[in-house]
Amino acid sequence: MKGQKKSPERMCLGCRTTHLKKDMIRVVRSPDNVYSVDMTGKSLGRGAYICRNEECFRRAEREHGFERAFKSKMEAAIYEALRKEIFKNEAAPEKS
Ligand SMILES: [Zn+2]
């Protein structure tokens with residue numbers, strides 16, 4: 001039986017735990033093979049989720065989680081670009 005709507009949850013590619021979708025970062029591969037960070041959660045394409053945590057991102061990279069999720073090879077430069085996009089705020093230098 002279908003009860004009340006549950007908040008959607010997704011599994012993190014890094015730590016493999018499920019969290020509320022809205023607390024996670026969605027990386028999406030568009031139909032023309034462009035990877036991007038989906039800030040709206042509505043972009044078209046195949047999506048993969050990670051925690052808002054750089055360690056999870058690095059782990060997903062190390063364990064090829066994104067490649068498994070997208071069923072396609074990802075170059076280091078793509079990881080680097082995504083990482084910068086996701087963590088640019090967190091990674092801001094403390095002093096300039
Ligand atoms: Zn995680």
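Six aromatic residues hang together in this predicted model: ring pairs link Y35, F57, F66, F70, Y79 and F87 into a cluster. A search of the whole structure turns up 6 aromatic pairs. Take Y35 and F70, which sit edge-to-face, with 5.2 Å from centre to centre and 70 degrees between the planes. Y35 belongs to strand 4 while F70 belongs to helix 2 (residues 65-70), so this pair ties together parts that lie 35 residues apart in sequence. Both partners, Y35 and F70, are buried. F57 and F66 make another pair: their ring centres are 5.4 Å apart and the planes meet at 50 degrees, so this one counts as tilted. Here too the two residues are tucked away, with F57 buried and F66 buried as well.

Two of these rings turn up again in the nonpolar core. The largest such core has 22 residues, and F57 and F66, along with I50 and I86, are the ones with the most contacts inside it. Strand 3, strand 4, strand 5, helix 1 (54-62), helix 2 and helix 3 each give two or more residues to this core. In soluble globular proteins, nonpolar side chains tend to be buried together. I86 shows how the pieces meet: with its neighbours within four places in sequence set aside, I86 is in contact with I25, V27, V37, I50 and F57.

Next comes the sheet. It is an open one, built from 3 strands in the order 4-3-5 with antiparallel pairing. Strand 4 (35-38) and strand 5 (46-51) stand at the edges with a single partner strand each, so one side of each has no neighbour in the sheet. On average, neighbouring strands here are turned by 30 degrees against each other, direction ignored. Strand 3 (residues 24-29) and strand 5 run antiparallel and are joined by 6 bridges. Along that pairing, R29 of strand 3 stands opposite R46 in strand 5. Helix 3 (residues 76-87) packs on the sheet and touches strand 3, strand 4 and strand 5, with its direction at about 15 degrees to that of strand 4.

Between strand 4 and strand 5 runs a loop, and G41 has its place there. G41 is partly exposed, at a relative accessible area of 39%. Although G41 and I25 are 16 residues apart in sequence, their C-alpha atoms are 8.5 Å apart in space. I25 has already come up above, as one of the residues in contact with I86.

As for the overall layout, the protein has 3 helices and 5 strands. Read along the sequence, these follow the pattern β-β-β-β-β-α-α-α. Of the 96 residues, 32% count as buried. Contacts that reach far along the chain are well represented: among contacts with a separation of 6 or more, 49% are between residues 24 or more positions apart. On the outside, the protein exposes about 7000 Å², with carbon and sulfur atoms supplying 51% of that area.

Terms used
Residues numbered from 1 in each chain as written. Predicted model: local features only at pLDDT ≥ 70, side-chain atom pairs only at ≥ 80, totals over all residues. Heavy atoms only, no water. Pairing = 2+ DSSP bridges. Helix = DSSP H or I, 4+ residues; strand = E, 2+ residues; numbered from the N terminus. Axes fitted to C-alpha atoms, helices over the stretch in contact; angles between N-to-C directions. Contact = heavy atoms within 4.5 Å. Phe/Tyr/Trp six-rings, centres within 6.5 Å; stacked < 30°, edge-to-face > 60°. Buried < 20%, exposed > 50% of the residue type's maximum accessible area, 1.4 Å probe, protein only. Core = buried A, V, L, I, M, F, W, Y, C linked by side-chain atoms within 4.5 Å. Areas by Shrake-Rupley, 256 points an atom, 1.4 Å probe, with all protein chains shown as cover.
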